[in-house]
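Please take me through this model stop by stop. At each stop, say what to select and what is found there.

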Amino acid sequence: MPTTTPAFATSSATAPLAASTIERRDPGPNDVAIDVLFCGVCHSDIHQARNEWGNATYPMVPGHEIVGRVTKVGANVKKLAVGDLAGVGCMVGSCGECPACKSGSEQYCIKGCAQTYNSTEMDRKTPTYGGYSTHVVVAESFTLKIPAGLDPAGAAPLLCAGITTYAPLREYGCKKGDRVGVVGLGGLGHMAVKLAASMGAEVTLFSSSPSKEADARRLGASNFVVTKDPANLAKLAGSLDLIIDTVSAAHDYNAYLAMLRAKGTMVLVGAPPEPSAVSCFSLIMGGKRLVGSMIGGVPETQEMLDHCGKHKIVSDIELIPIQKINEAYERMIKADVKYRFVVDLGSLR
Ligand SMILES: [Zn+2]
Ligand SMILES: [Zn+2]
């Protein structure tokens, strides 16, 4: 018998989120049932709820930064036990057979992974519903262990914002003494600063607003650059090993590529809707790389959580009851949150 589960859902691109119910399957032999304690609110929740990416299916229950308590495990489950603190991020399934899946990069599954909400299970029929609900059932292979000692509410945004910024830092070899630029200080940017600093990098934060300097330094940045004056960027020509660009509004990538050293790498994790002009000379001169990155695979997400456990890193959050979710969306659009809203699902029980 499926379990009827309280949730907050939206029924169209223009409807507010409201109390509703969904059905969760009984856990199978390879499944884990989790009581959701906290769910982070990602900007992509707004894009999808409002069909801004054109792929919305309704009713939709957003939420892919899930932390909860395991209540039941299937007979084959080994990673988690009843009572453990578990996490679920942006994916709940993938083909398991393609080169991407076999290398632990399930997010790049050739068949397209099953996303945690606004998607289907790999049967391509059963809709998936996210963490704005009191209960989820997920295949063990897409669950994560939350390290002891981390605040579970602050840990929730690690499942998307954390892995999105951790993965490119690791992929492009961030290490002690490296000079890392982080562009933008929002949900992603504040995690990039904390994580790069925890790896021993000297972090330079780039922001259009001078008012963010104190926070950037508190989070671990050594340098702060106001981007409005191009002369500030020109001064840093050739000086950075790696740039993590989290900004999702159009801006000039060439100005940032010029700040990389020879063979340096700039990684895009923010996604402006419009194409951006990149001069081939920005890349050819100095043999530079401009790359993209999307979340991270399951093994790497666990590695990120363990790293955060060791270094006591969580997101800076504002905890809200689910009943405030529509208000939270409006505030996020105005960048009025430091730095991530997290829903306390106790408000829905
Ligand atoms: Zn997200
Ligand atoms: Zn695959």
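A residue is called buried under 20% relative accessible area, exposed over 50% and partly exposed in between, using a 1.4 Å probe and protein chains only. This is a predicted model, in which local features need pLDDT of at least 70 and side-chain atom pairs count only at pLDDT 80 or more, while totals for chains, interfaces and linings use all residues. Residues are numbered from 1 along each chain as its sequence is written, chains are lettered from A and ligands numbered from 1 in the order in which they are written, and side-chain values use heavy atoms, with hydrogens and water left out.

**Stop 1: I295 and A335**

Select I295, in the loop between β17 and α10 (298–311). Helices (H or I, at least four residues) and strands (E, at least two) are DSSP runs, numbered from the N terminus. I295 has a phi near 30 degrees, a positive value in a residue other than glycine. I295 counts as buried because its relative accessibility is 12%.

Next, select A335, which sits in the loop between α11 and β19. A335 is not a glycine either, yet its phi is positive, about 55 degrees. With 60% relative accessibility, A335 counts as exposed. Most residues other than glycine have a negative phi, and most peptide bonds are trans.

**Stop 2: two cis peptide bonds**

Stay in the loop between α11 (325–333) and β19 (340–344) and select Y339. The peptide bond from K338 to Y339 is cis, with omega near -15 degrees. Then move to P59, in the loop between α1 (43–49) and β4 (66–73). The bond from Y58 to P59 is also a cis peptide bond, and its omega is near -5 degrees.

**Stop 3: zinc ion (ligand 1)**

Which residues coordinate the zinc ion (ligand 1)? Select C42 (SG), H64 (NE2) and C160 (SG), at 2.0 to 2.2 Å from the metal. Donors are N, O and S atoms within 2.8 Å of the metal (3.2 Å for Na, K and Ca); water is not among the atoms, so sites may look incomplete. The donor spacing in sequence is C-x21-H-x95-C. H64 lies in the loop between α1 and β4, and C160 in the loop between α3 (152–155) and α4; this pair, 96 residues apart, links distant parts of the chain. Both H64 and C160 are buried.

**Stop 4: zinc ion (ligand 2)**

Select the zinc ion (ligand 2) with C95 (SG), C98 (SG), C101 (SG) and C109 (SG), which coordinate the ion at 2.3 to 2.4 Å. Along the sequence these donors follow the spacing C-x2-C-x2-C-x7-C. The arrangement is tetrahedral because the 4 donor atoms subtend angles of 104 to 119 degrees. For four donors, tetrahedral requires all angles to lie between 85 and 135 degrees. Two of the donor residues can be checked for burial: C101 is buried at a relative accessible area of 8%, and C109 is buried at 7%.

**Stop 5: the open sheet**

Now show the open sheet of 6 strands, ordered β14-β13-β12-β15-β16-β17 with parallel pairing. Two strands pair if DSSP finds at least two bridges between them. β14 (223–226) and β17 (289–292) are the edge strands, each pairing on one side only. On average, neighbouring strands are turned by 20 degrees against each other, direction ignored. Axes are lines fitted to C-alpha atoms, for helices over the stretch in contact, and angles run from 0 to 180 degrees between N-to-C directions.

Helix α4 (residues 161–171) packs on this sheet and touches β12 (179–183), β15 (240–245) and β16 (260–268). The direction of α4 makes about 155 degrees with that of β15. Contact means heavy atoms within 4.5 Å.

At the β14 edge, 4 bridges join β13 (residues 202–207) to β14, and the two run parallel. Select T204 to find its bridge partner in β14, N223.

**Stop 6: the nonpolar cores**

A nonpolar core is a set of buried Ala, Val, Leu, Ile, Met, Phe, Trp, Tyr and Cys residues joined through side-chain atoms within 4.5 Å. The largest one has 98 residues, of which Y132, L169, I325 and Y329 touch the most other members. Helix α5 (residues 187–198) supplies the largest share of this core, 6 residues. Select L169: leaving out residues up to four places away in sequence, its contacts are C174, V180, A192, L195, A196, M199, L242 and I244. A second, separate core of 12 residues includes V225, I243, L257 and M259.

**Stop 7: F281**

Finish at F281, in helix α9 (residues 280–284). At 55% relative accessibility, F281 counts as exposed. The C-alpha atoms of F281 and L257 are separated by 9.9 Å, and these residues are 24 apart along the chain.

Technical notes: Four donors count as tetrahedral if all angles lie between 85 and 135 degrees; four count as square planar and six as octahedral if opposite donors are over 155 degrees apart and all others between 65 and 115; anything else is irregular.
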